[in-house]
Amino acid sequence: MPSVPWKPFGYNSVLPRRFPRKRRGNKRQPIIPLKEWKIVRGDTVMLLSGKDKGKTGKVSEVVRSKNWLFVEGLNTHYRYLKPSGDFKGGLVPSEAPVQVSEVSLLDPSDGKPTEVSYRYTERGDKVRVSERTGRIIAKPPWERRDWKSRTALKVGPFDTPAAAVTKQTYFPSLLYFHEEIMLAMNVSASVPKTKPERRDLMLKEVETFAGWGSDKSVANIKLGWMDRIYLFATHYTDKIVRFLRIDKL
């Protein structure tokens, strides 16, 4: 007597819903995107199959996740659009996607379809080369989708003017947050300083070098040897830490 295979829920029992069921007869296969694309937006290609077989057109869209191409004026079908506003509605031609395997690039020497492979020039540039003739197929220049020429754009009320973009609004400072607020609001300190601090002297040197209109009598104060040792040690300690990346260990 043959042995019956053991199953946790019985031999003829149905598995609970929490267990996934096998789909039998499913014809839809997972889409595997191409690792290396040889056709880009703007290329001129020829259709190798379909109702527009043998016709050439310009690639208007590339969908790499599904291996699709849209060619201007080819592989079209009609869609019915409802009336809206000034549009009366009706049948409108729409381009359907084409598989990348159903099109071919054209050889620039004779204009016929050819297989393409990537090669490197003497300068190290990666180019597309026709396998039939060895001619280089240059990529079309990249174009924007929203506008073609910057001169055709008009400055609107929500656009940032050029004067505001080039205006310098940030000045490096060694002041603390509350000191910057006091300086902006002209609030004097309740406890005056008896002598300038180290960062005050550094700030005056920066202002003098940048030409921000600092007081020359205060900016010409020289640092003592203790301040110079402190700045030297701080500078090179920071360089060593960045080189060894101690903060990321």
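Modeller: Let's start with a definition: accessible areas come from the Shrake-Rupley method with a 1.4 Å probe, and for residues only the protein chains shown count as cover. The model is predicted, so local features need pLDDT of at least 70 and side-chain atom pairs count only at pLDDT 80 or more, while totals for chains, interfaces and linings use all residues. Residues are numbered from 1 along each chain as its sequence is written, and side-chain values use heavy atoms, leaving out hydrogens and water.

Colleague: Thanks! How much area does the chain expose?

Modeller: Carbon and sulfur atoms supply 57% of the exposed area. The total for the chain is about 21400 Å².

Colleague: And what share of the residues counts as buried?

Modeller: Buried means under 20% relative accessible area, exposed over 50%, and partly exposed in between (1.4 Å probe, protein chains only). Of the 249 residues in the chain, the buried share is 19%.

Colleague: How many strands does the chain have?

Modeller: Helices (H or I, at least four residues) and strands (E, at least two) are DSSP runs numbered from the N terminus. Alongside five helices, the strand count is 11.

Colleague: In what order do the strands of the six-stranded open sheet run?

Modeller: Two strands pair if DSSP finds at least two bridges between them. The pairing in this sheet is antiparallel, and its edge strands, S6 (98–99) and S8 (113–114), each pair on one side only. S8 pairs with S7 over two bridges. The full order is S6-S3-S2-S1-S7-S8.

Colleague: Which residues have the most contacts inside the largest nonpolar core?

Modeller: A nonpolar core is a set of buried Ala, Val, Leu, Ile, Met, Phe, Trp, Tyr and Cys residues joined through side-chain atoms within 4.5 Å. This one has 15 residues, and S1 (44–47), S2 (56–63), S3 (68–71) and S7 (103–106) each give two or more. Those with the most contacts inside the core are Ile39, Val45, Val59, Leu69 and Val103.

Colleague: How far apart are the end C-alpha atoms of residues 38–65?

Modeller: UniProt, in an unreviewed entry, places "domain: KOW" there; its positions are given in the numbering used here, feature names are shortened, and annotations may be inferred rather than shown by experiment. The segment is 0% helix and 43% strand. Its end C-alpha atoms are separated by 15 Å.

Colleague: Why does strand S9 (116–120) have one side without a neighbour in its sheet?

Modeller: The open sheet of three antiparallel strands has the order S9-S10-S11. S9 pairs with S10 (126–130) over five bridges, including those of Tyr118 with Arg128 and Ser117 with Val129. S9 stands at an edge, so one side is left without a neighbour because S9 has a single partner strand.

Colleague: Which side chain does the Asp43 side chain join in a polar contact of 2.7 Å?

Modeller: Asp43 lies in the segment before S1 and is buried, with a relative accessible area of 5%. Contact means heavy atoms within 4.5 Å, and beyond four places in sequence Asp43 has contacts that include Lys38, Val59, Leu105 and Pro140. A polar contact is a pair of N or O atoms within 3.5 Å; within protein, one must be able to donate a hydrogen and the other to accept it, and residues adjacent in sequence count only if both atoms are side-chain atoms. The 2.7 Å partner of Asp43 is Arg128.
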